[in-house]
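Visitor: Please give me a close look at how the pieces of regular structure pack and pair here. Please state your cut-offs as you go.

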Amino acid sequence: MDQYLRTDLKVPSDQIVNLRDKEATRNKIIAAFHGLRDNPRIKYEDPILIYYAGHGSEITSEDGNTVQMLVPVDYLSGQVKPIPDRTVGALINRIAKKHGNNIVRTRGGDEEDETIETLVRRCELSPSDAPGNLDAHIWEDYPDTESSARGMRFAEGFAMKGMKSHVLLAACSANESALEDKKTPEAHGRFTTALLRLLKEVSPDQMTYADVLSKISRIDGQNPQCEGYHRDRILFDAKVRPPTRRCYDIKLSGKAYVLEGGRAHGVTDGAEFTLYSDKAAVLVGEPLGVMVAKDSKIKPFVSILEPVGNAAPQLNAPAVAIQTKAGASEDLLIHVPMDTQYMPVFEAIAREMSGTGPNPCRISLVDKDKAKLEIVCHERDQLVFNVLDPRATEHGFTRMPYTVDSDTDDLHRVLRAAAHYNFHLNVNHPNNQIMDKIKIEFFPLTEDYDDSGQLVLSPPDPDSKVNMYEGGRIEYVVEEDVKYGMRITNETPWDLHFSCFFFDHAEFSIMALTEIDTQTHFQKDYNLRKHSTADIGYGYSEIPPIECDIPEGLDVTIGFLKLYFTSQVVDLSHLPQLSPFSQTRGWKASPRVNRENAPVWGTILIPVIQKRA
């Protein structure tokens with residue numbers, strides 16, 4: 001890695017801190033993190049790479065929590081402690097606070113197996129190696145940052161913490177070991193070898209961190225992981241690739257064309273896909289053909305496509321499919337008064353009603369009594385949006401607090417965002433096995449400070465049985481500076497992947513409250529194992545707490561928490577979107593199938609009603 005940085009990327013040697021062998025002591029590793037934080041030459045959002053290859057371990061601490069550790073060269077049981085992952089996280093949080101979150105961290109580490117000529121470096125540690133107060137002096141909090149966001153959002157001061165502070169590329173999943181080949185005089189990690197090979201084949205500015213897992217070669221016995229809210233950034237760059245049409249892998253299995261996308265992805269009856277040999281050919285190559293998804297052949301995670309016309313595309317290797325026409329769905333039903341002054345509105349809607357383009361969601365013009373949204377004139381050349389959806393109006397929310405010009409691209413942007421919002425809000429799969437066996441709790445968090453000055457957020461006492469989610473919804477009066485958390489308990493017989501989104505009905509934004517999965521051919525660690533819980537906003541959770549607010553001019557607003565639960569990785573990275581009423585555009589913020597287990601998926605939709613005090 002050091003050679004790649006100096007030779008291929010031309011990074012000056014004085015910008016690289018390289019701790020090798022006897023230099024990689026506990027004190028020097030921590031000092032190197034402090035050095036990054038305090039380095040005056042690093043400008044805000046300069047790329048920072050933190051690469052670790054060495055001993056690692058995982059133990060259950062004295063307080064019962066699982067703790068991952070980096071083991072420095074001078075580790076000595078009872079004297080020199082390992083470095084807990086939470087310490088590394090706190091150190092990176094400090095760097096991100098000062099220099100921005102354009103940080104990538106790679107991690108590998110490992111066990112010895114002479115029979116396969118590999119080296120796996122792993123240390124056996126004891127619970128006493130991770131006392132609860134280890135490195136407490138590093139956990140100082142820092143002042144809150146400013147935020148102008150409205151509605152439900154991550155709490156101020158947490159925007160550069162946890163997995164929002166950096167991107168993590170790990171050599172393997174939590175229950176695997178990262179292997180090193182010993183066939184060369186100097187052992188090299190299999191993940192590092194594969195990563196460097198990829199970086200030399202594909203320029204870093206041509207792929208995102210999430211792309212690494214879909215492009216890197218397979219590694220026997222290892223499933224690399226990519227974690228972090230900013231996985232869609234271009235490598236070593238704070239920029240986000242502009243949104244493009246959704247791209248699915250497709251392969252020929254016997255005579256069946258198998259698309260790696262199904263109902264859980266939002267594929268519906270009649271959706272059409274244009275096939276290309278690979279992603280590069282999408283921009284410049286000739287299409288291989290067009291295929292369509294039929295309802296009876298759309299499964300939870302895959303679909304069997306049929307050709308449009310008589311000629312089936314020739315696939316000599318796995319290819320990619322771009323959705324180019326919307327399938328059957330619950331259309332966004334809009335009412336516009338029949339008047340000549342609304343001609344620009346009718347023209348804009350006609351443009352979107354074709355169901356084609358990079359966001360193939362559908363719009364229909366209907367009478368007012370059937371509509372979910374009404375567009376009317378407010379002042380000269382200004383349009384407002386009346387909410388007619390009963391799920392919102394029954395709580396007193398009837399108008400969105402924004403206006404747009406009738407003769408600009410603003411209207412097109414709002415219509416497209418509204419259609420995207422409507423489509424994904426209504427793609428639901430009420431699975432009783434999921435709904436009855438998943439317990440959801442939503443509650444205010446208690447703030448306190450420990451002896452080291454670290455802000456500690458705690459859930460309510462279990463005996464108090466505080467849960468704001470009751471009667472199928474969450475309803476409360478917004479209180480300033482109150483932070484909220486969630487607890488998800490899995491009582492199903494399955495290990496699950498879960499993602500949580502907040503759909504804000506006041507502005508058509510969709511915010512991911514958890515990390516969202518992207519496409520990968522590696523197995524992904526489950527984040528909600530059977531008979532376990534996942535915490536949001538407190539404890540050891542990497543997910544920030546939530547704060548709420550109400551837009552100016554409103555006394556009540558509504559949104560929806562939507563939770564996805566799946567037994568396989570589902571790429572939901574296309575869901576989040578910023579409000580179309582914002583000046584900012586875009587979002588700034590599958591493994592091998594076990595055929596013995598039936599695919600499982602389900603969604604839970606929770607109305608969230610927020611009222612002004």
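Guide: Two helix contacts come first, then two sheets. This is a predicted model: local features need pLDDT of at least 70, side-chain atom pairs count only at pLDDT 80 or more, and totals for chains, interfaces and linings use all residues. Residues are numbered from 1 along each chain as its sequence is written, and side-chain values use heavy atoms, with hydrogens and water left out.

Two packed helices are described by the angle between their axes and the distance between the axes. Helices (H or I, at least four residues) and strands (E, at least two) are DSSP runs, numbered from the N terminus. Axes are lines fitted to C-alpha atoms, for helices over the stretch in contact; angles run from 0 to 180 degrees between N-to-C directions.

Start with α2 (residues 26–38) and α3 (residues 85–99). Their axes come within 8 Å and cross at roughly 15°. The two helices are therefore roughly parallel to each other. Angles under 35 degrees count as roughly parallel, over 145 as roughly antiparallel, 65 to 115 as roughly perpendicular and the rest as oblique. The crossing of α2 past α3 is left-handed. That word applies if the near helix is turned anticlockwise from the far one by less than a right angle; clockwise is right-handed. On the α2 side, the contact uses I30, F33, H34, L36, R37 and D38. On the α3 side, V88, L91, I92, R94, I95, K98 and H99 meet them. Contact means heavy atoms within 4.5 Å. By class, this contact has seven nonpolar, two polar and four charged residues. Ala, Val, Leu, Ile, Met, Phe, Trp, Tyr, Cys and Pro count as nonpolar, Asp, Glu, Lys and Arg as charged, and the others, Gly among them, as polar.

Next, α7 (residues 343–352) and α9 (residues 409–425). These axes come within 10 Å and cross at roughly 45°. α7 and α9 are therefore oblique to each other. α7 passes α9 in a right-handed crossing. From α7, the residues in contact are P344, V345, A348, I349, R351 and E352; from α9, L411, H412, L415 and R416. They divide into six nonpolar, one polar and three charged.

Now the strands. Six of them form a closed barrel, β12-β13-β16-β15-β14-β17, with antiparallel pairing. Two strands pair if DSSP finds at least two bridges between them. Within the barrel, β14 (residues 272–276) and β17 (residues 319–325) pair over five bridges. L275 stands opposite A321 in β17.

A three-strand sheet is open, in the order β2-β3-β4. Two bridges join β3 (residues 66–70) to β4. There, M69 stands opposite P84 in β4.
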